[in-house]
Structures are given as structure tokens and as C-alpha cells.
Amino acid sequence: MKLFLSTDFEGTSGIVAWEQILEGQAEYAQGRQLLTAEVNAVIKGAQSGGATEFVVNDAHNAMRNLHPQDLAGRATLITGKHKPLYMMEGLDASFDGICFVSYHGSIGAEHAVLSHTYNPGAIWEVRINGTIVGESGLNALVAAHYGVPIIFVSGDDATAEEATFIAPKAEMVVVKHSIGRFAAANIHPEVACELLYAGAEQAARMIGQMHTPQFHLPAQIEVTFLVADMAEMALWIRGVERVSARTVKFSGENLLDLYRTFVTVVTLTRSLVDR
Ligand SMILES: [Zn+2]
């Protein structure tokens, strides 16, 4: 059984501030330790449930948060940037299941620690076929394209709630309860890792009953930006249309193409972020 892990950082127990998860910041080393322990708990749990092969895609910020020698399960680590399939780089149809580890809530969620949707400096809201989605929903486009089920999701309570849209049968492990954007009640890391281990073990055992995410075709993505200039810039990309001052849309039958267009929109509008 071959598993793909897309690992973010904001959804790790104990993490509530950017200073803990950005390279060069004072608390980054501590954050990294917490994240690595959680990723390894998921790998070891899945191993005990029957998984034998692991590819980990480090998907947070500079994408060099995990050290290859510290990973359990002799996992292959996809690290560094830029990667054409971003948070889903490395996935293809050869995988049996996907785990979203240390994910976080979307930018508009009511209580979601460190909430954002790809780029907090540009994106205000994203909808797929009318439903507001976070990163789990967007990344599910790639999962659906390759026909691989999302079997496990971890993060705060907002993450688990949002992921039910694309993976209702996945094992959801909540490691902290968000109080606000920069506050959470964190389960002790030791306990969090026990929960992650048990959840991943169960997910691997139940993999036969998991479904690939479903999207009605043609699927439509709507992106609302913080300012109108960003929507204007997104129109440079073929197939992107204006809906209103700050909102654009694009649609199609090929979910991988849609995800690629979204990644291009994100990358392009980064150049306009001016705090
Ligand atoms: Zn992140």
C-alpha cells in the first residue's frame, strides 16, 4: 500500500503563530520538531495499518520544513520550491491513498487558527461549484483527477469540518481546538501523536471503503481577492473571467487543468501583495 502525504504546518498541535512556522524566526526550530513528530506518528500508524511505501510532499511556505533523515517509514521527501503541482506535487495514479497532515481552516472560517487559503495576502475566498473551500477542497481536485481517495486529514476542528466536503469517510484527527486566528487549545503533543497514530492506522485499514473526491463537471472555481487589482491581474491568464470587482471564475472538465490555473493565479497575484 502506497500513501501520499501532503504536509502543511499550521495544523500541528502547539502551533498558533507565524513565528513558529516561518524559517528564520525564533520559534521555528520548536515548530519543526512538533511537525516532524506528527508526520512520523501518521507514517507509523499507517504502517501498522498495512501501508508500506510513503511519499511526503512538504507543502508549507518554502517547503523545506522537514529533514529527510528524521522521517519514519523510509519515506521519500519532496522538498523545496517551485513545484508545478504545489501542495500535491508527486501524486499520480499509482498511489492507494492520500493523507493531509497538519492542515488548517480556510481564510473565512469563523474560528480557525492561522486560517488562510493559499495566500493570506491576496485571497479572500475560494468556491468550487459554489461551495466555499479551503486548501483541502482545492487539493482534492488533483486527488479526483488521479482517482486517489483522501483517507486521512489532521489539523484543528475547522480543518476537519471543511474536509468532510471532499472526504466524508476519511479519518479526521483533531489535535487542537481553535479559539481565534492566533489562539487554540492544544492537545498535548504526546497525546496528539497517539491520536494521529491511531487515526492513520484506522485509515489504512479502512482504505478499501474510501472514495475518490467527487466534483460535478464541468467544475467551476471562483476566486475572490482582497483588492480589485488582483482580479484584474488574474484575467491575464487564458480562461479566467471577471465576475465582479474582486472576483474571477474559470471552469472546465479537466480537474488537473483547473488546479494548475488556480496555482498560476496564486503565483501571479503574489507579485501584487504589498503590505
Ligand atoms: Zn502552510
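**Notebook: loops, pairs and a domain interface**

I started with His-82, which sits in the loop between β3 and β4. I kept in mind that this is a predicted model, so everything below is computed from it.

**Entry 1: cis peptide bonds**

I came to His-82 for its backbone. The peptide bond leading from Lys-81 into His-82 is cis, and its omega is near 0 degrees. I noted a further cis bond from Leu-217 to Pro-218, with omega near -5 degrees. Pro-218 belongs to the loop between α4 and β10, and that strand covers 219-225.

**Entry 2: positive phi without glycine**

Which residue of the loop between β2 and β3 caught my eye here? Arg-74 lies in that loop, and its phi is positive, about 50 degrees, although the residue is not a glycine. Is Arg-74 buried or exposed? I read a relative accessibility of 83%, so Arg-74 counts as exposed.

Ser-102 went on the same page of my notes. Its phi is about 60 degrees, again positive and again not from a glycine. Ser-102 is part of strand β4, and because its relative accessibility is 0%, Ser-102 counts as buried.

**Entry 3: the surroundings of His-104**

Next I moved along to His-104, placed in the loop that links β4 (97-103) to β5 (123-128). Loop or not, this residue has a relative accessibility of 4%, under the 20% cut-off, so I filed His-104 as buried.

What does the side chain of His-104 pair with? I found a polar contact of 3.0 Å between the side chains of His-104 and Glu-135. I then listed the contacts of His-104 beyond four places in sequence: Asp-8, Glu-10, Val-113, Leu-114, His-116, Glu-135, Asp-156, Thr-159 and Glu-162. Glu-135 therefore turns up in my notes both as a contact and as a polar partner of His-104, with the cut-off for contact being 4.5 Å.

**Entry 4: the surroundings of Val-56**

For another buried spot I picked Val-56, in strand β2. Its relative accessibility is 0%, so Val-56 counts as buried. Which residues does Val-56 touch, once those up to four places away in sequence are set aside? I wrote down Leu-5, Thr-7, Ile-43, Leu-66, Leu-71, Ala-75, Thr-76, Leu-77 and Ile-78. I also took the C-alpha to C-alpha distance from Val-56 to Val-101: 9.9 Å in space, for a separation of 45 residues in sequence.

**Entry 5: salt bridges**

How many salt bridges does the whole structure hold? My search gave 4. I went through three pairs.

Arg-64 and Glu-23 join side chains in a salt bridge of 3.3 Å, N to O. Arg-64 is in the loop between β2 (53-58) and β3 (76-78), while Glu-23 is in the loop between β1 (2-7) and α1 (28-48), so this pair ties together parts 41 residues apart in sequence. Arg-64 is partly exposed at 43% relative accessible area. Glu-23 is also partly exposed, at 38%.

Arg-127 and Glu-125 form a salt bridge too, with their closest N and O atoms 2.9 Å apart. I have Arg-127 as partly exposed at 28% and Glu-125 as buried at 18%.

Arg-205 bridges to Glu-201, where the closest N and O atoms are 3.4 Å apart. Both are in helix α4 (residues 189-205), and because they are 4 residues apart there, about one helical turn separates them. Arg-205 counts as exposed at 52%, whereas Glu-201 counts as buried at 17%.

**Entry 6: where the domains meet**

I finished with the domains. The assignment for the protein chain gives domain 1 as 2-119 + 134-209 and domain 2 as 219-272. Their C-alpha centres are 25 Å apart.

How many residues of domain 1 are in contact with domain 2? I counted 14, meeting 10 residues of domain 2. About 1200 Å² is buried between domain 1 and domain 2, and carbon and sulfur atoms give 71% of that area. By class, the side of domain 1 touching domain 2 has 11 nonpolar and 3 polar residues, with no charged ones.

The salt-bridge rule finds 0 such pairs across the interface of domain 1 and domain 2. For polar contacts, I logged 4 residue pairs between domain 1 and domain 2.

Definitions and conventions:
Residues numbered from 1 in each chain as written. Predicted model: local features only at pLDDT ≥ 70, side-chain atom pairs only at ≥ 80, totals over all residues. Heavy atoms only, no water. Domains from an automatic or database assignment. Buried area = accessible area lost by both parts, 1.4 Å probe. Polar contact = N/O pair within 3.5 Å; in protein donor to acceptor, adjacent residues only side chain to side chain. Nonpolar A, V, L, I, M, F, W, Y, C, P; charged D, E, K, R; others polar. Helix = DSSP H or I, 4+ residues; strand = E, 2+ residues; numbered from the N terminus. Buried < 20%, exposed > 50% of the residue type's maximum accessible area, 1.4 Å probe, protein only.
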